[in-house]
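Visitor: Got a minute to walk me through this one? I'd like to poke at a few residues.
Guide: Sure, let's put it on screen.

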Amino acid sequence: MRLTQLESLELRENLLKSLPESISQLTKLERLDLGDNEIEHLPPHLGHLPALQELWLDHNQLQKLPPDIGLLKNLVCLDVSENRLEELPEEIGGLENLTDLHLSQNLLETIPDGVLHLTKLTILKLDQNRLHTLNESIGTCVNMQELILTENFLMELPKSIGNMTKLNNLNVDRNALTELPIEIGNCVNMGVLSLRDNKLTKLPSELGNCLQLHVLDVSGNRLNHLPYSLVNLQLKAVWLSENQAQSLLTFQPDTDEATGEQSS
């Protein structure tokens, strides 16, 4: 039976360990779901599916992706979460139409600059990896709306994050942040900011420029005060527990002796 007209193929939960080379004959395939299998290696010919828009490879045993994956020019969604990836190929930057990239629960210590060429990217999930730094050029992803960095080892965020003016949801829970860049105030469309369980000692007053912010979680940090500029916001939910804090809920003006900045 020839299946060359196939547009969608789901092979989830089939204990697959490999893919036949003949899969490259499915030139009209738009959606391929290989999630929840035991695939350790992807063949290069996977990159020769010109119509492919969605590729689901979550919950396999992949340690790397073939460079040919960058040939999937029409790919919109790539999910390789819950694998054993230690690195990504630079060629991933060839996925010029990619909007959703799911890399959660891998072993990534860095992401290649190729990822930062994905200017249409709106969702990037990097939670539960081993990232110590985030590339400064991440700011080139100007269409980013959701950036999930939970459970890594990040000590700081790049200043270029301020270029993501469409960012709506930023989650950096359970990292090692000691401060936020003042440029975060440029993320004027941010609605949810979650910074739970870090090492923050203060928040920048520029955060008060994020007028769409309605959920703020800074519990489990080392904050002694909040910037007075937060009174400008229409916050609907705030988590402040487990801080070394004083008068966190009053927002009474008080001037920091070192900076002259008003705080609560």
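Visitor: Which residues is aspartate 217 in contact with, leaving aside its neighbours within four places in sequence?
Guide: Leu193, Ser194, Leu195, Arg196 and Trp239. Contact here means heavy atoms within 4.5 Å.

Visitor: And what am I looking at, model-wise?
Guide: It's a predicted model, where local features need pLDDT of at least 70 and side-chain atom pairs count only at pLDDT 80 or more, while totals for chains, interfaces and linings use all residues. Numbering starts from 1 along each chain as its sequence is written, and side-chain values use heavy atoms, with hydrogens and water left out.

Visitor: Back to aspartate 217: buried or exposed?
Guide: Aspartate 217 is buried, because its relative accessible area is 6%. The cut-offs are under 20% for buried, over 50% for exposed and partly exposed in between, with a 1.4 Å probe and protein chains only.

Visitor: Where does aspartate 217 lie?
Guide: In strand β10, residues 215–217. Strands (E, at least two residues) and helices (H or I, at least four) are DSSP runs, numbered from the N terminus.

Visitor: Which side chain does aspartate 217 join in a polar contact?
Guide: That of serine 219, at 2.8 Å. A polar contact is a pair of N or O atoms within 3.5 Å; within protein, one must be able to donate a hydrogen and the other to accept it, and residues adjacent in sequence count only if both atoms are side-chain atoms.

Visitor: OK, zooming out. How many helices and strands in the chain?
Guide: Zero helices and 13 strands. The C-alpha trace spans about 75 × 30 × 25 Å along its principal axes.

Visitor: How many of the residues count as buried?
Guide: 49% of the 264 residues in the chain.

Visitor: What about the largest nonpolar core: which residues have the most contacts inside it?
Guide: Leu32, Leu55, Leu78 and Leu170, in a core of 69 residues. A nonpolar core is a set of buried Ala, Val, Leu, Ile, Met, Phe, Trp, Tyr and Cys residues joined through side-chain atoms within 4.5 Å.

Visitor: Which residues does leucine 170 touch?
Guide: Not counting residues up to four places away in sequence, its partners include Leu147, Leu157, Ile184 and Ser194. Leu193 is on that list as well, and Leu193 is also in contact with aspartate 217.

Visitor: Any odd backbone angles?
Guide: Glutamate 13 has a positive phi of about 55° without being a glycine. Glutamate 151 has a positive phi of about 55° too, and again is not a glycine.

Visitor: Why flag those?
Guide: Because most residues other than glycine have a negative phi.

Visitor: Where are they found?
Guide: Glutamate 13 is in the loop between β1 and β2, and glutamate 151 is in the loop between β7 (146–148) and β8 (169–171). Glutamate 13 has a relative accessible area of 61%, so it is exposed. Glutamate 151 is at 33%, so it counts as partly exposed.

Visitor: Switching again: what's threonine 27 in contact with, beyond its sequence neighbours?
Guide: Thr4, Pro50 and Ala51, leaving aside residues within four places. Threonine 27 is in the loop between β1 (8–10) and β2 (31–33) and counts as partly exposed at 40% relative accessibility.

Visitor: Last one, proline 227: buried or exposed?
Guide: Proline 227 is buried, with a relative accessible area of 0%, and lies in the loop between β10 and β11 (237–239). From C-alpha to C-alpha, proline 227 and histidine 45 are 54 Å apart in space, with their positions 182 residues apart in sequence.
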